[in-house]
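Dear colleague,

Please find below the structure that I am handing over to you. My notes on what was found in it follow directly after.

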Amino acid sequence: MNEIITFGQGYKLSPGIKVFVKSAKQFCDTLTLISSGITPDLTSFLKDHNVNIVDSLELAKKYNVQTTISPYTLKVIFFYLYSKHYSTASNVYLCDLTDVYIQKNVFELIKNYKPYVTSENQYISNCQTNTTWINLCYNSDVYNLLKKYQILNGGSILSNRESAVELLKEMCLDMTQIISRIGNYQNIDQASLNKVVYFDQYRYNILNQFEIANLAHYGNAEVDLNSSLIKINKNEPYVLHQYDVIKKLENYLYVQSQ
């Protein structure tokens, strides 16, 4: 069984969520949203599309999770708890909720037991945002070790479930240490993913050929909407993530999801 798992709190129904849910449901046995505080219209839409809704507040109460920390940190914690204690899937795809479009069966990419993490096809040293996150969460020594590598995106992890649990567990331990050093900073999940993976690379697969296209740095990409699958710079990704940086693509997907 394959399961796609996402997280969100305080959301209302939006075009981006419609795009995600309708595309994801084509390629998984179970689609799960771990959430709290979502609006009735979103709840109704999810139920109409047979989405498994998991109450994150119940998870937090049972496992003593502090819910005032950043939602980006909570995402990793709840992914870990749900994948470890509740999911029965063989394979999981852990992804963002509002800016993901799945156009091919992403689980076809799984060839071995190692988790698959996804590149933004941009080097850490060339991105001021990721440079800031890593220097703040760690120190200049860690940054100098990581800056030569491509950015790994925290909103897209594909794996057999047991291996995903191990990666998420390591991230949770690492993020606990980050919070003890700098407090409840908003964005520590991506810095942690990059450090955990690149400090032990042989344990992971890195997708960097646009199999899963993280488009934050590709606002000017060539987009082809004239074939059966959307092409980005002549590639046909399994997943388009952060597609909202390309307004032509965002508008197209919003219209198609109605």
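How many of the 10 residues of helix H8 (residues 189-198) are buried? The model is a predicted one, and in it nine of the 10 residues of H8 are buried, which leaves the helix mostly covered. The buried positions are Asp189, Gln190, Ala191, Ser192, Leu193, Asn194, Val196, Val197 and Tyr198.

Overall architecture

The chain is built from nine helices and 12 strands. Its radius of gyration is 18 Å, which agrees with the value near 18 Å that a compact globule of 258 residues would have. Along the principal axes, the C-alpha atoms occupy a box of roughly 45 × 45 × 30 Å. Buried residues make up 55% of the 258 in the chain. Among contacts with a separation of 6 or more, 76% join residues that lie 24 or more positions apart.

As to the surface, about 11500 Å² of the chain is exposed, and 46% of that area comes from carbon and sulfur atoms. The chain carries 23 positive and 23 negative charges, and the mean positions of the two sets are 1 Å apart.

Helix H1

Helix H1 (residues 15-24) is mostly covered as well, with eight of its 10 residues buried. These are Gly16, Ile17, Lys18, Val19, Phe20, Val21, Ser23 and Ala24. The elements that they pack against include strands S1 (2-9), S2 (30-36), S4 (91-95) and S5 (100-102). Helices H2 (40-48) and H9 (247-256) are also among the packing partners of the buried residues of H1.

Cysteines

You may wish to know about disulfides before handling the protein. A search of the whole structure finds zero of them. Cysteine 95 is in no disulfide, and the nearest cysteine sulfur, which belongs to cysteine 28, is 9.2 Å away. Cysteine 95 is also buried, at a relative accessible area of 1%. For cysteine 127, the closest cysteine sulfur is that of cysteine 137; the two sulfurs are 13 Å apart, and therefore too far from each other for a bond. Cysteine 127 is buried too, with a relative accessible area of 8%.

Two asparagines with positive phi

Asparagine 50 is not a glycine, yet its phi is positive, at about 55°. This asparagine 50 sits in the loop between H2 and strand S3 (52-55), and it is exposed, with a relative accessible area of 60%. Asparagine 121 likewise has a positive phi, near 55°, in a residue other than glycine. Asparagine 121 is placed in strand S6 (residues 116-123).

Serine 70

Is serine 70 buried or exposed? Its relative accessibility is 2%, so it counts as buried. Serine 70 is located in the loop between helix H3 (56-63) and helix H4 (71-85). Leaving aside residues up to four places away in sequence, serine 70 touches Asn184, Tyr185 and Gln186. Between serine 70 and tyrosine 101 there are 25 Å in space, C-alpha to C-alpha, and the two are 31 residues apart in sequence.

With kind regards

Notes:
Residues are numbered from 1 along each chain as its sequence is written. This is a predicted model: local features need pLDDT of at least 70, side-chain atom pairs count only at pLDDT 80 or more; totals for chains, interfaces and linings use all residues. Side-chain values use heavy atoms; hydrogens and water are left out. Helices (H or I, at least four residues) and strands (E, at least two) are DSSP runs, numbered from the N terminus. The radius of gyration is taken over C-alpha atoms; the globule rule is 2.2 Å times the number of residues to the power 0.38. Buried means under 20% relative accessible area, exposed over 50%, partly exposed in between (1.4 Å probe, protein chains only). Contact means heavy atoms within 4.5 Å. Accessible areas come from the Shrake-Rupley method with a 1.4 Å probe; for residues, only the protein chains shown count as cover. Lys and Arg count as positive and Asp and Glu as negative; His and the chain ends are not counted. The place of a charge is taken as NZ of Lys, CZ of Arg, CG of Asp or CD of Glu. A disulfide is a pair of cysteine sulfur atoms within 2.5 Å.
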